[in-house]
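Here is a short set of exercises to work through with the model open beside you. Try each task before reading its solution.

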Amino acid sequence: MVSIDPLAPTSPSASLLSPHLDDLGVRQGPAGGTLRVWSAHAEAIELVLFDRDDIDWIVATASLVPEGGGVWAVTTPLLHPGARYALRVDGPSGPGSVFNSATLLTDPYARGVVGSGLEDWRCVVIDGGFDWGGVPKPGVPLDRTVIYEGHVKGLTKRHPGIPAALHGTYAGLAHPAMIEHLLSLGVTSVELLPIHAFAPEPRLLQHGLSNYWGYNTVNFFSPHAAYATLEAQRQGPEAVLREVKGMVRLLHEAGIEVLLDVVYNHTAEEGIGGPRSSLRGIDNRSYYRQQDDGTYIDVTGCGNSVNTATDAAARLVLDSLRYWAREVQIDGFRFDLAVTLGRDAGHAFTPDHPLLQAIVDDPALADVKKIVEPWDVGMGGWQTGNFAPGWHEWNDRYRDRVRNFWLSDIDYARRASTSPVGIGGFATRLAGSSNTFSEERGPLASVNFVTAHDGFTLRDLVSYDVKHNLGNGEQNRDGADTNRSFNHGAEGRTDDQGILATRRRAMRNLLGTLLLSAGIPMLTAGDEFGRTQRGNNNAYCHDSPLTWLSWEHAPWQQDLLAHVQALTRLRRENPALRPIRFARLGERIPSASVMQWYDENGQTMSPDRWTDPGHRTLQYVAASTPENEPFNRVLLVIHGVERPTTVTLPELEEADRFVSLWSSADENPSAHEGVFAPGDDLDVPPTSMRLFRVE
């Protein structure tokens, strides 16, 4: 049986916005710094101050006094900018309580931390001043958003155009050479893997590995110092924060948004017996989900789950978001394992959870993009399509269907002479996943992706049938077993030119589908030039050339990059490809795209053709409904069979010609805009796509 501690709030509501939870952490005032800490069960809290240069040398202590509502406070001139401090918290013993008055703990609201390892951390008081120079947030409209998911270090560690001192740093990401690549690629928003301060897991250290991805947060307000330049690291957390803000400002000047992957669902304290560095020592019973006997309810697979059914824990998340959005000018957030954040006091997910609603309603967060990973590993943890309006979701159903169509279905057809399913499910994903997202939320609720940091790269997806994760030290047990990948006839490296050509075309089909689909596309860094991780689909523990982007590219990689550049440009130029709303039969819906579907003969698709696995050729016409842009209409021809065919272009009302814009059959995108007439026969190569503008 599971019960909730009677001393902790049992059902967060508007109470998570209660004024008594305002101004936690350190705030400066006339009498010095005031530190406020929340703990519902503490019996004593002590502030411990350290020497600036020797963080093991205690120079002063002071007791916090209770203010009511679980808040403790102290004011002292010793809490000035640059001061190093920690907490000691004492409390009762019993199930779920792990207080230890000798343990040094970090303030959950600390703006800076120093230290290393698992528990040896100190907080730093931050001034935070920065001149933004009047540079505004880019405010990229959702329908024009193209997300580029990458890793701060991995993006620039090997970039030859960036000075060595800036390799793998915040400053390196904002270097003109990197900005030039992002702008030429046509992406609008860089989504960074976690940059909150994090620590490696003990198990990884034992194997000589590291937590490269950063999903092991130590503090929700402090940037990860190791991504700063060595000079900023030497100067300390204030300089590290300035470098982060400088990165954001320079990217904003270039019109590029900065989105952060944030990990609020669990912390680096792991399970009971793991490190006790912050929340566990301050009030374990309130901050982490657990049963009556203190056993953790782990719905994240990471040892603990932050209990957002407690007002103070939910408010901690909300205040962290406000800080990054306002003080660091971040443009959006991708919430890791977001279902955990929406679990109530009974640990069940509810889309109207007060924290989720507060994030959507908060004026300070009104201008930020809110993207969720709509699952966790607990009961009822898969919630794709079930978040409320205001949220955008990683669409795993899109990922799986697109991979199936271009990869595993083709593999099946080679062995069975026919594909397992028809083209209907693929078409639904292409058109915005209306079977997953409500009419109210529309196609932009879907963040479409084919690959992400977690899983095969694009090149590995077309080169490996199975994962190759032995280097992770878990006997190849980790990482997903079902990848919907296809090696096209050889596992991994091959010199077979036919296989290599087929793989390249498969990559172009996957990228073409991603960037021509309704919804918000997310491109994984390195996929634009076919990066490989040699078949490792869970490279979270490799901080090495395996995961860093290589900027030395063969001619075929340069061709692939040219295709991505062409596709992002075509998406930008053709509003029919990026509808804001779903169309409704017989009605004029502004900024929707009216869609028509034809078979290879130019005839309207019949019901049986949608599901017939023998029919995998489709002509898709999308016509915009102008609201802010001129009228636009496109035709996309999709052929999902490994043999050529001939299609008859459809006869469309008020259509005189089809102007060829792009073909996945071309090794290099052609600049020639061929013109065809309605009713013309078009030769279509095996497994390929072709885009036309309808005039």
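**Exercise 1.** Find the strand that holds Leu-259, then decide whether this residue is buried or exposed.

*Solution.* Start with the secondary structure: Leu-259 belongs to strand E14, residues 257-262. Strands here are DSSP runs of E with at least two residues, helices are runs of H or I with at least four, and both are numbered from the N terminus. Next, take the accessibility: Leu-259 has 1% relative accessibility and so counts as buried. The classes are buried under 20% relative accessible area, exposed over 50%, and partly exposed in between, with a 1.4 Å probe and protein chains only. Then look at the neighbours, where contact means heavy atoms within 4.5 Å. Leaving out residues up to four places away in sequence, Leu-259 touches several residues, among them Ile-147, Val-190, Asp-331 and Ile-371. Finally, compare sequence with space: Leu-259 and Ile-147 are 112 residues apart in sequence, yet their C-alpha atoms are 8.8 Å apart.

A word on the source: this is a predicted model in which local features need pLDDT of at least 70 and side-chain atom pairs count only at pLDDT 80 or more, while totals for chains, interfaces and linings use all residues. Residues are numbered from 1 along each chain as its sequence is written, and side-chain values use heavy atoms, with hydrogens and water left out.

**Exercise 2.** Follow Ile-147 to its partner in E19, and describe how E19 is covered.

*Solution.* First, Ile-147 stands opposite Met-522 in E19. Strand E12 (residues 147-150) runs parallel to E19, joined by 3 bridges; two strands pair if DSSP finds at least two bridges between them. Second, strand E18 (residues 446-448) is also parallel to E19, through 2 bridges, and Asn-448 has Pro-521 as its bridge partner there. Third, check burial: 5 of the 5 residues in E19 (520-524) are buried. Ile-520, Met-522 and Thr-524 lie on one side, Pro-521 and Leu-523 on the other, and both faces are covered.

**Exercise 3.** Work out the strand order of the open sheet of 6 strands, and say which strands stand at its edges.

*Solution.* The order is E20-E21-E22-E27-E24-E25, with antiparallel pairing. At the edges stand E20 (593-598) and E25 (675-676); each has a single partner strand, so one side of each lacks a neighbour in the sheet. Inside the order, E24 (residues 658-663) and E27 (residues 688-694) pair over 5 bridges in the antiparallel sense, and Phe-658 has Val-694 as its bridge partner.

**Exercise 4.** Explain why Cys-302 and Cys-541 form no bond.

*Solution.* A disulfide is a pair of cysteine sulfur atoms within 2.5 Å. The closest cysteine sulfur to that of Cys-302 is in Cys-541, 14 Å away, which is too far for a bond. The count is therefore 0 disulfides. The surroundings can be added: Cys-302 is partly exposed at 30% relative accessibility, whereas Cys-541 is buried at 2%.

**Exercise 5.** Test the span of helix H8 against its number of residues.

*Solution.* The expected span is 1.5 Å times one less than the number of residues. For the 16 residues of H8 (311-326) this gives 22 Å, and the end C-alpha atoms are 22 Å apart, which agrees. Of these 16 residues, 15 are buried, so H8 is largely enclosed by the rest of the structure.
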